[in-house]
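Student: Please take one part of the structure below and go through it closely. I would like the cut-offs stated with each term.

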Amino acid sequence: MSIWIANGLSQDLPPGVVMAGAWRGAELAIWRSASGRLAAWGDRCPHRGMRLSHGFVRGETLSCIYHGWVYGSDGGCRKIPAHPAMVPPAAIKAETYQCVEADGVIWVAPAGVEAAAPDLAGLTPVRSVTLRADRAALAQALPGAVVEGDLWRVPAMGAVLALQDRAEGLGLHALCHDATQRVAVSRWLDGVLRLAEEEALA
Ligand code: FES
């Protein structure tokens, strides 16, 4: 089992944006500040549990959409709009995960993990898709895949898929060895989705 889980491609999370993520069944909010700083948190506001992935980024902070509590990129609460004069206690803090960006991929691991994120240096990010089927169906669609935990290498296509279990399906974050084959790999990925989803229905 991999500790670092791919949560998307860098190209899909521009500054000022928050998106939903997942780490092995744990729902996450992943966001990039205006200056480009990444953060991954449990998707639950410490106030009343609203999803932080429904919030909005302002500069270097993320605000909860419900009562507007403002959090800094370390997860600490900076401001409570209903009590503007109050300095929020340090204990009010989002649950933080490690979040790094390497080789065009956003990787997430629990806090305190010392192992490095997978090394995909030299590969070109292609795109992320969601497969509405499980790994068994994906294996049927990719008989030549070399499985290394959550990394599936497909030598025949010069492609690598970083897998991510999500509530809505299986996230596939695709990269390729030859940048000139990016479009071909993207089309191939559409075919893989079709095949695997047909397998799942068979
Ligand atoms: S639930 Fe987030 S500010 Fe109230």
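Tutor: What follows is a look at the part where the domains meet, and at the residues and salt bridges that go with it.

The model is predicted, so local features need pLDDT of at least 70 and side-chain atom pairs count only at pLDDT 80 or more, while totals for chains, interfaces and linings use all residues. Residues are numbered from 1 along each chain as its sequence is written, and side-chain values use heavy atoms, with hydrogens and water left out.

The protein is divided into domain 1, residues 5-110, and domain 2, residues 124-201; these bounds come from an automatic or database domain assignment. The C-alpha centres of domain 1 and domain 2 are 28 Å apart. Contact (heavy atoms within 4.5 Å) involves 14 residues of domain 1 and 15 residues of domain 2. About 950 Å² is buried between domain 1 and domain 2, with carbon and sulfur atoms giving 56% of that area. Buried area here is the accessible area (1.4 Å probe) that two parts lose on being put together, summed over both. Of the area that domain 1 buries against domain 2, Ala6, Leu9 and Gln11 supply 38%, more than any other three residues.

On polar interactions, five residue pairs are in polar contact between domain 1 and domain 2, both residues being at pLDDT 80 or more. A polar contact is a pair of N or O atoms within 3.5 Å; within protein, one must be able to donate a hydrogen and the other to accept it, and residues adjacent in sequence count only if both atoms are side-chain atoms. The elements that give two or more residues to the side of domain 1 that touches domain 2 are strand E1 (5-9), strand E2 (17-23) and strand E10 (105-110). Helices (H or I, at least four residues) and strands (E, at least two) are DSSP runs, numbered from the N terminus. E1 gives the largest share of that side, five residues. By class, the side of domain 1 that touches domain 2 holds six nonpolar, five polar and three charged residues. In this scheme Ala, Val, Leu, Ile, Met, Phe, Trp, Tyr, Cys and Pro count as nonpolar, Asp, Glu, Lys and Arg as charged, and the others, Gly among them, as polar.

The rule finds one salt bridge across the interface of domain 1 and domain 2, a salt bridge being a side-chain nitrogen of Lys or Arg within 4 Å of a carboxyl oxygen of Asp or Glu. Arg24 forms a salt bridge with Asp150, with the closest N and O atoms 2.8 Å apart. Arg24 lies in the loop between E2 and strand E3 (26-32). Its phi is positive, about 45°, although Arg24 is not a glycine. With a relative accessibility of 29%, Arg24 is partly exposed, on a scale where buried means under 20% relative accessible area, exposed over 50%, and partly exposed in between (1.4 Å probe, protein chains only).

The loop between E1 and E2 holds Ser10. Ser10 is buried because its relative accessible area is 18%. The side chains of Ser10 and Glu101 are joined by a polar contact of 2.8 Å. Neighbours within four places in sequence aside, Ser10 is in contact with Arg32, Glu101, Gly104, Val105 and Ile106. The loop between strand E9 (96-102) and E10 contains Asp103. Asp103 also has a positive phi, near 55°, and is not a glycine; its relative accessible area of 27% makes Asp103 partly exposed.

Other salt bridges complete the picture. Arg153 and Glu148 meet through their side chains in a salt bridge of 3.1 Å, N to O. Arg153 is partly exposed at a relative accessible area of 25%, and Glu148 is partly exposed at 38%. Salt bridges that share partners join Arg24, Arg135, Asp150 and Asp165 into one network. Within it, Arg135 and Asp165 form a salt bridge at 3.0 Å, N to O. That pair links distant parts of the chain, with Arg135 in helix H1 (residues 135-141) and Asp165 in strand E14 (residues 159-166), 30 residues apart. Arg135 is partly exposed, with a relative accessible area of 25%, as is Asp165 at 34%. By this rule the count comes to nine salt bridges.
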